[in-house]
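Subject: Structure handover

Hello,

Please find the structure below. Some notes on what was found in it follow.

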Amino acid sequence: MIWYVYQEDKRGEYIMKKEELSKLKSGLKLNSKNPSRIIKGFNIYCKRDTTQMKKIGKADIYFEYEDEEVKEILLENSKKILTGAIGSKIFDLEINNDTEGLEFLKYLSEGLNEDEFDVVVEDFIDDLISEINYEGDVVITTLLVETYFKHPETKELLSHKHISFTVNPIVVSKKEINLSLPFKNLSTNSTNMVIDFKNPQEGFIFPSIEDYKPNVNKILYYTGKTNNLNEKFIKDVLNSKVPLTAAQEKNIFNTVLKETVGESIPLSTISNVINDIANQKISNEDGTISLKKFGKILEENGIKNAEEALKDVVSDTNSEVKIDNLIPTKKKGIKLNNSKLTISVDENSIKNVSKIDKGGKKCLIIELDDDVMLDDFKIV
């Protein structure tokens, strides 16, 4: 029996760590000390039509009887949807806490039961292809997997039982030259259609993982195109809210400022804003900030109507965004430039930079805490 529960979760309180995804992937190996258990699975071929995808055929996967090469392909396909930058390729989606969301959660959780897996997932695929018409033919691969891994601190052996779901495009293979024996004639092979397991268009695992434990309230969604989400799939099929991508989060800062102050802003103002946002890292261990708080920081620094402008940019100002997406990270630096020079300073040092007019010339003054080096030479 599968127990499911919707626990109230403060948005942004928990941010998935790369280490957890790495642990899940580490178990998806044939020769692992604690190899994954592929309980069951199947491939369904769906053909594109003008109005709706159509199911053409189904092939069950009997993992223990497949040859080594097929096993490797299936495991690599499952690992692929755990690979990529969080916020650009991978998104931790929370299932909506409403009637439809809870029904979907109950229904999908039943698919974790081996006896219910086929019925639930085939029903889910029927719903999917009634909503989504992919650009070409696809093969949907679904596995019921149990992955084992050790907790990095306690070394306790943990397991994560989940549904692995990938949408794999069917592509035309390149023609190759064949050598025909015994006459040694050269000929080109006929064009073949192959399943591109290496590049799934999208996919997910359910349940997601949180603090090295399954979280049935969330789905881990993967997109094959960086910062490009299938919004209809997320909203209408996965019953989840469409998240902001890393690229969209990075764009918020400049967009809101241009809406409120135009094309120019005092260096002291931008310095104070960046410093105040960076200081939020101290009180927010997960490295996030609510957009509402971001708008308030702008208002506190004299940028009028910032909160209203923010509402025009995003639909939900209660959303949490990564601070390192909102402002430049220390690694990349904040760049000040004109036609002749580019100066890069980190987020904590921008407050040490000021602009003055001296003798009719525009100048930057940089307050230094330590020596300035040019390669191995100290500037004096």
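How many aromatic pairs does a search of the whole structure find? The search finds 10. Please keep in mind that this is a predicted model.

One of the pairs is Phe 124 with Phe 204. Their ring centres are 5.6 Å apart and their planes stand at 75 degrees, so this pair is edge-to-face. The two residues come from distant parts of the chain: Phe 124 is in helix 4 and Phe 204 is in strand 9 (residues 202–206), 80 residues apart. Both rings belong to buried residues: Phe 124 has a relative accessible area of 3%, and Phe 204 has 1% relative accessibility.

Phe 204 also pairs with Phe 165, and here the rings are stacked, with 4.8 Å from centre to centre and 15 degrees between the planes. This pair again links distant parts of the chain, with Phe 165 in strand 5 (residues 157–172) and Phe 204 in strand 9, 39 residues apart. Phe 165 is buried as well, because its relative accessibility of 1% is under the 20% cut-off.

Ring pairs join these three residues to others in a cluster that consists of Phe 104, Tyr 107, Phe 124, Phe 165, Phe 204, Tyr 221 and Phe 233.

Next, the nonpolar cores. The largest has 38 residues, and the members that touch the most other members are Phe 124, Phe 165, Phe 206, Phe 233 and Leu 238. The element that gives the most to this core is helix 4 (residues 117–131), with 7 residues. Another core, of 29 residues, lies apart from it and includes Val 256, Ile 277, Ala 278 and Ile 297. As background, nonpolar side chains tend to be buried together in soluble globular proteins.

What does Phe 165 touch, leaving out residues up to four places away in sequence? Among its contacts are Ile 81, Phe 124, Ile 125, Leu 128, Ile 140, Phe 204 and Phe 233. Thr 141, Thr 142, Glu 202 and Gly 203 are also in contact with Phe 165.

Two of the residues named for the second core, Ile 277 and Ala 278, are among the buried residues of helix 7. Helix 7 (residues 267–283) has 17 residues and spans 26 Å from its first C-alpha to its last, close to the 24 Å expected at 1.5 Å a residue. Its buried residues also include Leu 267, Ile 270, Val 273 and Ile 274, along with Thr 269, Ser 271, Asn 275 and Gln 280.

One last item concerns a charge and a ring: the charged end of Lys 58 sits over the ring of Phe 42, 4.5 Å from the ring centre.

Regards

Definitions and conventions
Residues are numbered from 1 along each chain as its sequence is written. This is a predicted model: local features need pLDDT of at least 70, side-chain atom pairs count only at pLDDT 80 or more; totals for chains, interfaces and linings use all residues. Side-chain values use heavy atoms; hydrogens and water are left out. A nonpolar core is a set of buried Ala, Val, Leu, Ile, Met, Phe, Trp, Tyr and Cys residues joined through side-chain atoms within 4.5 Å. Buried means under 20% relative accessible area, exposed over 50%, partly exposed in between (1.4 Å probe, protein chains only). Helices (H or I, at least four residues) and strands (E, at least two) are DSSP runs, numbered from the N terminus. Contact means heavy atoms within 4.5 Å. Rings of Phe, Tyr and Trp (its six-membered ring) pair if their centres lie within 6.5 Å; planes under 30 degrees apart count as stacked, over 60 as edge-to-face and the rest as tilted. A charge sits over a ring if NZ of Lys or CZ of Arg is within 6 Å of the ring centre and within 35 degrees of the ring normal. The expected span of a helix is 1.5 Å times one less than its number of residues.
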